[in-house]
Amino acid sequence: MGYSTILDVIGAIIIAGMVSLMAIRTNGTIGKMTYTYGNEMTVQKNMTTIVRMIESDLRKIGYCAEPDSFCGQTWTIRSAGKNNITFLADIDFDKKMDTVKYYIGSKDSLKWTSNPRDFPLYRRINSQTPVPLNIGLTQFDFLFYNTFGDSLAFPIATDSTSMAGSATGVFSIRLTVMLESPYAWDNLYAYSYWRQLRLASRNLMNR
Amino acid sequence: MGKYALWVVLGVSFTLLMLGRNMSRSATDAYANYLVYNARTDAHNIAVSAANTVANWVFLDTTASNVSYLNKTLSNGGYSVWSADIGGTNRKLITSVAWVKTNLPTYITLPYTGTQSDTVKDTVKVILQPSGYSKYAYYSVIEGTINWISSDTIWGPFHTQDKITISGSPTYYGKVTTNKGKSGGTPRFLGGYQAGINIPLNVKSIATLRDVAKAAGRYFYKDSLRLTFKGDSIKWKFGTKPDTTRLISVFAPNGVVVLDSNIMRISGTMHGRLTVASVSNSTNMGRIFIDDNVQYTDDPRIIPGAKNILGIVATNEIYITENSANNNNINVHAAIFSLNQGFGAQNYSSRPVSGQIYLLGGITQKTRLAVGTFSGSTITAGFGKSYKYDTRLYTDSPPYFPTTGLYEIISWLE
């Protein structure tokens, strides 16, 4: 044990200390980056999932696998609100029209997430139990247009003198969706924004 | 001691390496998610474009055989689209399949499907069928000075080859199409509106009726004809010949009765499927007079699934006769078609006030004829109108009722 050994020990301690400090400092950054990247990927995937489902349903407005069993295109959209829509479509291709309803729940129903702005989205087919989609939805807004492309002011009147429902005069739809991560890092939530400027079911203008 | 520091360094480096790989993986997956969504949107747009192209081709050339375009390229993808007859019907099915490469390595699993592929696909299916005039609640070639006003409510499809003139806010529950647009007013087009749609009256459809009647219907020539419907039977008097009664199915097996070059008179209650036509190359003939109520035994508004259906077709005018039977309302249950004139009331301006025309069906005519005169909201001569659309005409039509010669889309799946 000489001076060289002591120097080795001191050197090792210093190097190990420096490496440890680097690791400790990096750990926080890595943790943040991993959490943030993971959140963003999750939010993105949730967005594409929900958008695909909604677009698929909205494009079927007025569609029936047996065309002759439903010709009431005027009365296909039963109700249209800022955050909800009810329409007829043969979703399951059984040649019978189904009633499809999209609507949002209250923010209070998602108290288990730290995000104060998120709320559930419900999708209901006929009289089945609504399926909630708790994926961090913070915006789900509709805007509806008539046959001339003019936006319709809310509340949209429904003409109840029709034969089998209500005529709303809606022909195209704009939908805005925003998702946020349920948890934040440093109060920063990952988010994703999507808007469909004009979605019109071609079955609304048949015959 | 130095070698232990080296081990520490190696350990930390390895840990950081794994963490970096995971972060990179997250970023890669997020980008792959975006690529797949973008590719799927592109594939959908390509499929829709191809389907529109073939649908337009079918619409413009209805006599051509089926077409197919296979493995074509468009934008950053490709498509195959083809049309085919639907067996047992007069309908056509257009199928359009499009694909787009995602440029992802094949070992990346596509979301939603769980399959491993670098290509996404989308399919669009469209059904078209020949369009008939019977589907229209109202069709005209010439609107003239007619104004549609706030108290007008029209159920069922509406088309005019002219410009539709509107005063006030009439309500149209069916799809409205015009060739020359619209002017004035604030109409409520709850069923949609399209301008620039050209659907001329198909002159050939009248000629077809003659051949059909001669083949397996009933064809009369050159003398007057009176038809009285009696449920599932029909009594007819041709010229000076005596009355004869037969079952409709025996009288005209294919449901078509044509009188060529004279005047036809009709009345009665019908149970069956029939088209009666008065055709002529002369402007003095080819007319039909409705001498009394012409109505269904089974009113479809009361009896769902009622099968009786009647078409009234004339080269020239279809008149409500001025007689005592028609001076206190009249029921007309039929799809009406007039090639060169229209549907109106005989002596509309001089006949007494005759109540209402209760029409259940639709009217296709070249020009709108008058049924009465008015002073303000008061009828001063002739009839008022209470026209209701027979919704069965969306999907059903009287036998061999004139068709437009064009196709229409009845179903679009995407």
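Two strands count as paired here if DSSP finds at least two bridges between them. In this predicted model, that criterion is met by strand 25 (residues 330-338) of chain B and strand 27 of chain B, which run parallel and are joined by 9 bridges.

Strand 27 of chain B, which spans residues 353-367, also pairs in the parallel sense with strand 5 (residues 138-142) of chain B, over 4 bridges, and 8 bridges join strand 27 of chain B to strand 29 (residues 378-389) of chain B, again in parallel. Within these pairings, B:Ile357 of strand 27 has B:Ile330 standing opposite, and B:Ile357 also stands opposite B:Lys385 in strand 29 of chain B, while B:Ile142 stands opposite B:Thr367 in strand 27 of chain B.

The parallel pairs of chain B are set out below.

| Strand | Partner strand | Bridges |
|---|---|---|
| Strand 5 (residues 138-142) | Strand 27 (residues 353-367) | 4 bridges |
| Strand 25 (residues 330-338) | Strand 27 | 9 bridges |
| Strand 27 | Strand 29 (residues 378-389) | 8 bridges |
| Strand 6 | Strand 9 (residues 164-167) | 2 bridges |

The last pair belongs to an open sheet of 3 strands in chain B, with the order 6-9-12 and parallel pairing. Its edge strands are strand 6 (148-149) and strand 12 (182-183), each of which pairs on one side only. B:Trp148 stands opposite B:Ile166 in strand 9 of chain B.

In chain A, a nonpolar surface patch of about 570 Å² is made by A:Tyr3, A:Ile6, A:Ile10, A:Ile14 and A:Met18. One of these residues, A:Ile14, lies in helix 1 (residues 3-58) of chain A, and A:Ile14 counts as partly exposed because its relative accessibility is 46%.

Terms used: Residues are numbered from 1 along each chain as its sequence is written. Chains are lettered from A and ligands numbered from 1 in the order in which they are written. This is a predicted model: local features need pLDDT of at least 70, side-chain atom pairs count only at pLDDT 80 or more; totals for chains, interfaces and linings use all residues. Side-chain values use heavy atoms; hydrogens and water are left out. Patches are made of residues with over 30% relative accessible area and no salt bridge: like charges are joined within 9 Å, nonpolar side chains (Val, Leu, Ile, Met, Phe, Trp, Tyr) within 5 Å. Accessible areas come from the Shrake-Rupley method with a 1.4 Å probe; for residues, only the protein chains shown count as cover. A salt bridge is a side-chain nitrogen of Lys or Arg within 4 Å of a carboxyl oxygen of Asp or Glu. Buried means under 20% relative accessible area, exposed over 50%, partly exposed in between (1.4 Å probe, protein chains only).
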